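Trainee: Could you take me through one small part of this model, slowly? I'd like to see how its side chains sit with one another.

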Amino acid sequence: MALFLITSVCDEGVYENDFKVVEAESRAKIAQNMLDDPYAWEYILRSSTVWWDLTRYSL
């Protein structure tokens, strides 16, 4: 499996917690995992517009 660096950058700048290294079979597997369980990725996604899109309708 390969290592992937996941980053999230917002208008306020880049912080040390904005990076996560994950081991996965592919980028598609990581993306599917983000869609399946966005709360596991919250600290990476929260500063992005993706966070709102993924969690807007969840209870």
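Mentor: Let's start with Thr55, which lies in helix H3. Keep in mind that this is a predicted model. Thr55 has a relative accessibility of 12%, and because buried means under 20%, Thr55 counts as buried. Now follow its side chain: the side chain of Thr55 reaches the backbone oxygen of Trp51 at 2.7 Å. If you skip the neighbours within four places in sequence, Thr55 is also in contact with Pro38 and Tyr39.

So we have met Trp51 and Tyr39, and these two belong together as well. Searching the whole structure turns up 1 aromatic pair. In that pair, the ring centres of Tyr39 and Trp51 are 5.3 Å apart and the ring planes stand at 85°; planes over 60 degrees apart count as edge-to-face, so that is what this pair is. Where do the two partners sit? Tyr39 is in the loop between helix H1 (27-36) and helix H2 (42-45), while Trp51 is in helix H3 (residues 49-55), so the pair ties together parts that are 12 residues apart in sequence.

Check how much of each partner is covered, too. Trp51 is buried, with a relative accessible area of 7%, whereas Tyr39 is partly exposed, at 43%.

One last thing to look up, with another Trp: the charged end of Lys20 sits over the ring of Trp41, 4.3 Å from the ring's centre.

Methods. Residues are numbered from 1 along each chain as its sequence is written. This is a predicted model: local features need pLDDT of at least 70, side-chain atom pairs count only at pLDDT 80 or more; totals for chains, interfaces and linings use all residues. Side-chain values use heavy atoms; hydrogens and water are left out. Rings of Phe, Tyr and Trp (its six-membered ring) pair if their centres lie within 6.5 Å; planes under 30 degrees apart count as stacked, over 60 as edge-to-face and the rest as tilted. Helices (H or I, at least four residues) and strands (E, at least two) are DSSP runs, numbered from the N terminus. Buried means under 20% relative accessible area, exposed over 50%, partly exposed in between (1.4 Å probe, protein chains only). A charge sits over a ring if NZ of Lys or CZ of Arg is within 6 Å of the ring centre and within 35 degrees of the ring normal. A polar contact is a pair of N or O atoms within 3.5 Å; within protein, one must be able to donate a hydrogen and the other to accept it, and residues adjacent in sequence count only if both atoms are side-chain atoms. Contact means heavy atoms within 4.5 Å.
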